[in-house]
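Good morning, colleagues. Please turn to the model on the screen, and I shall go through its empty spaces, its sheet and its charged pairs in turn.

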Amino acid sequence: MNRTEIEKAVEPIIQKCRKKFAPGSSETEDSPDTDESLKPETRRVSLIASMTHSVLGSDFVGRGLEVGSGYGFLLFPMASLFPHIQWAAIEHPDQSYASRETYKSMFRSYNCHLTTVDLLRQPLPFPNDHFGLVTFSEVLEHLPTDRVNFVLSELARTIQPGGVLIASSPNQASLENRLRLIKGKSILDMPNEIAQGIFGHIRLYTPSEIQSAMAKRGLTLERCQMESNNSGYRGNSARSWVRRVHRMYEYLEGKTRILGSLGDTWHMAFRKVAAYPTEADRKRLHL
């Protein structure tokens with residue numbers, strides 16, 4: 001499947017998840033209509049699915065883990081597109097939707113298993129070298145900086161040799177962030193705690209930072225793609241001039257190499273090249 005075909009396949013699944021689990025929804029009533037476009041999530045999911053196809057193939061058989069299942073925007077489309085993967089997911093125990101029967105029912109319908117765990121304080125409840133694929137999308141920027149090394153090491157521990165980690169996060173060095181700094185503005189709002197142990201954006205990272213961090217944990221970069229697809233979040237409506245400007249920028253970014261390197265979000269695929277380091281190795285590498 002090409003990316004356009006993937007987008008058409010995943011959009012109705014994302015729409016269903018938004019109506020069932022996003023703010024405004026309930027056990028018995030769908031969320032109200034909104035002007036917010038589905039495009040940002042559709043593009044994010046389609047790009048991660050495309051990267052998975054390119055590094056693992058469409059017929060990959062094994063175990064997969066989604067870190068931070070959220071409203072299911074990524075997990076359930078991936079379960080649909082890669083039916084030979086046995087999917088597990090983790091979510092913070094204080095997220096209210098994680099205990100809903102409709103949420104659990106969706107997991108059953110896609111043959112996925114949900115585990116609630118505090119990612120910041122608890123080791124992942126899985127053995128070493130367990131998963132062939134781990135997705136870690138739009139989570140890193142929410143982690144307190146003093147827990148990032150712990151979380152990344154836990155992800156690396158659970159990936160089997162030859163397995164793949166696909167991660168995405170806002171790009172600290174994006175053009176938009178550079179312009180904000182030139183204007184004397186911060187690239188982040190003050191971090192707020194959304195729920196117990198769950199935070200807004202705390203710290204953004206450049207691709208080179210994450211490549212270096214993962215290399216210390218035995219994972220090598222296979223593919224990196226930058227993309228801005230957040231025009232749906234800008235402006236007050238689909239016809240607002242702010243949203244139109246962002247859509248034009250996204251078009252030019254796809255056509256221009258220089259702008260492409262300054263995209264708002266990086267997507268990176270890493271391959272684990274060796275078994276999980278021993279205790280002595282981890283002490284030597286300060287992991």
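**Pockets, sheet and salt bridges**

Let me begin with the second largest pocket of this predicted model. Its lining is made up of Leu175, Glu176, Leu179, Arg180, Lys183, Lys185, Val245, His246, Tyr249 and Asp264. Two elements each give two or more residues to that lining, namely helix 6 (175–182) and helix 8 (241–255). Of the elements, helix 6 contributes the most, with four residues. The pocket holds about 280 Å³ of space. As for the character of its lining, five residues are charged, four are nonpolar and one is polar.

I turn now to enclosed space. How many cavities of 30 Å³ or more does the count give? There is one. The volume of the largest cavity is about 40 Å³. Around it stand Phe136, Leu140, Leu152, Leu165, Ala167, Ile210, Met214, Trp266 and Phe270. Strand 5 (159–170), helix 7 (207–215) and strand 9 (265–272) are the elements that supply two or more residues to this lining. What is the make-up of the cavity lining by class? Nine residues are nonpolar, and there are no polar and no charged residues. The lining of the second largest pocket, by comparison, includes five charged residues.

Next, the sheet. Seven strands make up an open sheet with mixed pairing, and their order is 3-2-1-4-5-9-8. Which strands stand at the edges? They are strand 3 (113–116) and strand 8 (219–227); each has a single partner strand, so one side of each is left without a neighbour in the sheet. From one strand to the next, the twist averages 15°.

In general, the strands of a sheet pair through backbone hydrogen bonds, in either a parallel or an antiparallel manner. Here, strand 8 and strand 9 run antiparallel and are joined by eight bridges. Within this region, Glu227 is placed opposite Thr265 of strand 9. Strand 9 thus appears in two settings: it is joined to strand 8 in the sheet, and it gives residues to the lining of the largest cavity.

A helix also lies over this part of the sheet. Helix 2 (residues 39–56) lies across strand 4 (131–137), strand 5, strand 8 and strand 9. Relative to strand 9, helix 2 runs at about 25°.

Finally, the charged pairs. The count of salt bridges comes to eleven. One of them joins the side chains of Glu7 and Arg43, at 2.4 Å from N to O. Glu7 belongs to helix 1 (residues 3–21) and Arg43 to helix 2, so this pair ties together parts that are 36 residues apart in sequence.

Note on methods. Residues are numbered from 1 along each chain as its sequence is written. This is a predicted model: local features need pLDDT of at least 70, side-chain atom pairs count only at pLDDT 80 or more; totals for chains, interfaces and linings use all residues. Side-chain values use heavy atoms; hydrogens and water are left out. On a 1 Å grid over the protein atoms alone, a cavity is a set of points where a 1.4 Å probe fits but cannot get out, and a pocket is an open set with protein on both sides within 12 Å along at least five of seven lines; lining residues have an atom within 4 Å of a point. Grid points are joined across faces, edges and corners, and a volume is the space filled by probe spheres set on the points. Ala, Val, Leu, Ile, Met, Phe, Trp, Tyr, Cys and Pro count as nonpolar, Asp, Glu, Lys and Arg as charged, and the others, Gly among them, as polar. Two strands pair if DSSP finds at least two bridges between them. Axes are lines fitted to C-alpha atoms, for helices over the stretch in contact, and angles run from 0 to 180 degrees between N-to-C directions. Contact means heavy atoms within 4.5 Å. A salt bridge is a side-chain nitrogen of Lys or Arg within 4 Å of a carboxyl oxygen of Asp or Glu.
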